[in-house]
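Reader: I am new to this structure and would like to learn how to read it feature by feature. Could you show me the chain and then take me through it slowly?

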Amino acid sequence: MLGNCPLVESDVYEVFARYVEGTVPHIPWCETPLQPESFLVQPQLARLNRYGLLTVNSQPPVDGVPSNNPTFGWGGKGGRVYQ
């Protein structure tokens with residue numbers, strides 16, 4: 001679908017949904033696939049996109065996860081992540 005000319009608004013919505021689902025590898029302003037931290041909310045994001053609420057920079061809530069967590073962690077050793 002990416003690379004085709006959208007004919008109706010729902011074509012754009014579908015590109016966003018497929019990007020979130022991983023079947024479209026990238027979109028023009030994001031050259032990387034969806035990050036693992038968003039897999040937690042992936043079905044909800046795809047559904048929102050199909051309804052026309054286009055999601056960009058989505059992050060699931062995280063409350064005090066250790067900074068060395070393989071999915072949500074970042075920053076220095078011994079820290080906590082809140083988002």
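**Two helices and a pocket**

Author: Let us begin with a pair of helices in this predicted model: the axes of H1 and H2 come within 8 Å of each other, and they cross at roughly 170°.

Reader: How is H1 oriented relative to H2, roughly parallel or roughly antiparallel?

Author: The crossing angle decides this, and angles over 145 degrees count as roughly antiparallel. The angle here is roughly 170°, which makes H1 roughly antiparallel to H2.

Reader: Which residues of H1 and H2 make the contact?

Author: On the side of H1 they are Tyr13, Glu14, Phe16, Ala17, Arg18, Val20 and Glu21, while H2 brings Gln42, Leu45, Ala46, Asn49 and Arg50. Sorted by class, the contact of H1 with H2 has six nonpolar, two polar and four charged residues.

Reader: I would like to look at single residues in that contact. Is Asn49 buried or exposed?

Author: A residue is called buried when its relative accessible area is under 20%. Asn49, which is found in helix H2, has a relative accessibility of 0% and therefore counts as buried. Leaving out residues up to four places away in sequence, Asn49 touches Tyr13, Phe16, Ala17, Val20, Leu54 and Thr55.

Reader: Val20 appears in that list. Where does Val20 lie, and what does Val20 touch?

Author: Val20 lies in helix H1 and, with a relative accessibility of 3%, counts as buried as well. Not counting residues up to four places away in sequence, Val20 touches Leu34, Gln42, Leu45, Ala46, Asn49 and Thr55. Distance along the chain and distance in space can be read side by side here, for Val20 and Leu48 are 28 residues apart along the chain, with their C-alpha atoms separated by 10 Å.

Reader: What does a residue of H2 look like when it is not buried?

Author: Arg47 has its place in helix H2, and it is partly exposed, with a relative accessible area of 46%. The C-alpha atoms of Arg47 and Tyr13 are separated by 9.7 Å, although the two residues are 34 apart along the chain.

Reader: And how should I read the loops? Is Ser38 buried or exposed, and is Leu53 buried or exposed?

Author: The two loop residues are best taken one at a time. Ser38 is found in the loop between H1 and H2, and its relative accessible area of 3% means that it is buried. Setting aside neighbours within four places in sequence, Ser38 is in contact with Leu45, Ser58 and Pro60. Leu53, in the loop between helix H2 (42-50) and strand E1 (63-66), has a relative accessible area of 52% and is therefore exposed. From C-alpha to C-alpha, Leu53 and Tyr13 are 8.0 Å apart in space, and they are 40 residues apart in sequence.

Reader: How does one find empty space in a model, and how much space lies in the largest pocket?

Author: The general idea is that rolling a probe the size of a water molecule over the atoms shows where empty space is left. In this structure, about 300 Å³ of space lies in the largest pocket. Its lining is made of 19 residues, and the closest to the pocket's centre are Tyr19, Cys30, Leu34, Asn57 and Ser58. The elements giving two or more residues to this lining are helix H1 (9-21) and H2, and H1 gives the most, with three residues.

Reader: What classes of residue make up the lining of the largest pocket?

Author: By class, the lining of the largest pocket has 10 nonpolar, eight polar and one charged residues.

Methods: Residues numbered from 1 in each chain as written. Predicted model: local features only at pLDDT ≥ 70, side-chain atom pairs only at ≥ 80, totals over all residues. Heavy atoms only, no water. Helix = DSSP H or I, 4+ residues; strand = E, 2+ residues; numbered from the N terminus. Buried < 20%, exposed > 50% of the residue type's maximum accessible area, 1.4 Å probe, protein only. 1 Å grid on protein atoms, 1.4 Å probe; cavity = no way out; pocket = protein on both sides within 12 Å on 5 of 7 lines; lining within 4 Å. Points joined across faces, edges and corners; volume = space filled by probe spheres on them. Nonpolar A, V, L, I, M, F, W, Y, C, P; charged D, E, K, R; others polar. Contact = heavy atoms within 4.5 Å. Axes fitted to C-alpha atoms, helices over the stretch in contact; angles between N-to-C directions. Parallel < 35°, antiparallel > 145°, perpendicular 65-115°, else oblique.
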